[in-house]
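Subject: Handover of a structure, with notes

Dear colleague,

I am passing on to you the structure below, together with some notes to read beside it. Please have the sequence and the 3D view open as you go through them.

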Amino acid sequence: GVPGAYSMKQSASIFTSLYYFNGPKTSGSLRDIRLIRSGEEIQSIDYYDFLLFGKNTNDKRLVRDDVIFIPPRGKTVTVKGEIKKPGIYELKPNEDLNDLIEISGNILKTTYSKRIQIERILPPEDRLIENIDRVLIDLSLEGISNSKKPFQLVDGDIISFFKISNIIGNAITISGAVKRPGKYSFNPKMRVSDLLKKADGILGTT
């Protein structure tokens, strides 16, 4: 939004004040919006609580001469692929990959649990040593979820979640001169006659 002084209703709070100046700029933080009163910071709110979860916790009523201060945006990462809410997210310093998964709505039933991939921009000093700008990091989603050690992300990371295979594990296909060709469920004890029965028999028979 545009910095400056704004006239607001007496009932205005930190959350509602954001509408008066159209919220923070893209360069401003959504995770640490501060209320300054008489030169002292008296409240900090995380706007993600409201945007993502519908909670207006820690909101505070404004009084005359209050200042809403929005610091620069913090560590920002991109989430892609098989996740409920793909997008760009700002993380607090103490938030890790598991926190990001929760913030982005969690995984889907169709998310492949054995692999996620992180594309990372190397810091300038590492680029000079390695002579490369970006690296890929493959991780097990199961391993990250079960690990007690948090996996830290860095600014600019792109995290990709993948989809499980479309292959059906217990399918058998019958085609040709049968009444109902197609895929059928298979079990090891099944005989050809059982499959023909499922397909309603051979064409030309009653």
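The notes below take up aromatic rings, the surface and the strands in turn.

Please keep in mind throughout that this is a predicted model.

I begin with the aromatic rings, of which a search of the whole structure finds four pairs. One of these is formed by F15 and F50, whose ring centres lie 5.5 Å apart with the planes at 50°, and because planes under 30 degrees apart would count as stacked and those over 60 as edge-to-face, the pair is tilted. This pair links distant parts of the chain, since F15 belongs to helix α1 (residues 14-20) and F50 to helix α2 (residues 48-53), and the two residues are 35 residues apart. Ring pairs also bring in Y47, so that F15, Y47 and F50 are linked into a cluster.

Are the two rings of the tilted pair buried or exposed to some degree? F15 has a relative accessibility of 5% and therefore counts as buried, the limit for that being under 20%, whereas F50, at 31%, counts as partly exposed.

F50 also takes part in the surface, where Y19, F50 and L51 make a nonpolar patch of about 310 Å². L51 is found in helix α2, and with a relative accessible area of 45% L51 is partly exposed.

A ring in another setting is that of F162, over which the charged end of R115 sits, at 4.1 Å from the ring centre.

Turning to the strands, you may wish to look at β6 (residues 111-121), which pairs with strand β8 (residues 158-163) in the antiparallel sense over five bridges. Within this pairing, T111 has K163 in β8 as its bridge partner. Strand β6 also pairs with strand β7 (residues 134-139), again in the antiparallel sense, and here there are six bridges; E119, for its part, has L136 in β7 as its bridge partner. As general background when viewing such strands, the side chains of a regular strand alternate between the two faces of the sheet.

Finally, E40 lies in strand β2 (residues 40-45), and because its relative accessible area is 55%, E40 counts as exposed, for which the limit is over 50%. The C-alpha atom of E40 is separated by 45 Å from that of I129, and these two residues are 89 residues apart along the chain.

With kind regards

Definitions and conventions:
Residues are numbered from 1 along each chain as its sequence is written. This is a predicted model: local features need pLDDT of at least 70, side-chain atom pairs count only at pLDDT 80 or more; totals for chains, interfaces and linings use all residues. Side-chain values use heavy atoms; hydrogens and water are left out. Rings of Phe, Tyr and Trp (its six-membered ring) pair if their centres lie within 6.5 Å; planes under 30 degrees apart count as stacked, over 60 as edge-to-face and the rest as tilted. Helices (H or I, at least four residues) and strands (E, at least two) are DSSP runs, numbered from the N terminus. Buried means under 20% relative accessible area, exposed over 50%, partly exposed in between (1.4 Å probe, protein chains only). A charge sits over a ring if NZ of Lys or CZ of Arg is within 6 Å of the ring centre and within 35 degrees of the ring normal. Patches are made of residues with over 30% relative accessible area and no salt bridge: like charges are joined within 9 Å, nonpolar side chains (Val, Leu, Ile, Met, Phe, Trp, Tyr) within 5 Å. Accessible areas come from the Shrake-Rupley method with a 1.4 Å probe; for residues, only the protein chains shown count as cover. A salt bridge is a side-chain nitrogen of Lys or Arg within 4 Å of a carboxyl oxygen of Asp or Glu. Two strands pair if DSSP finds at least two bridges between them.
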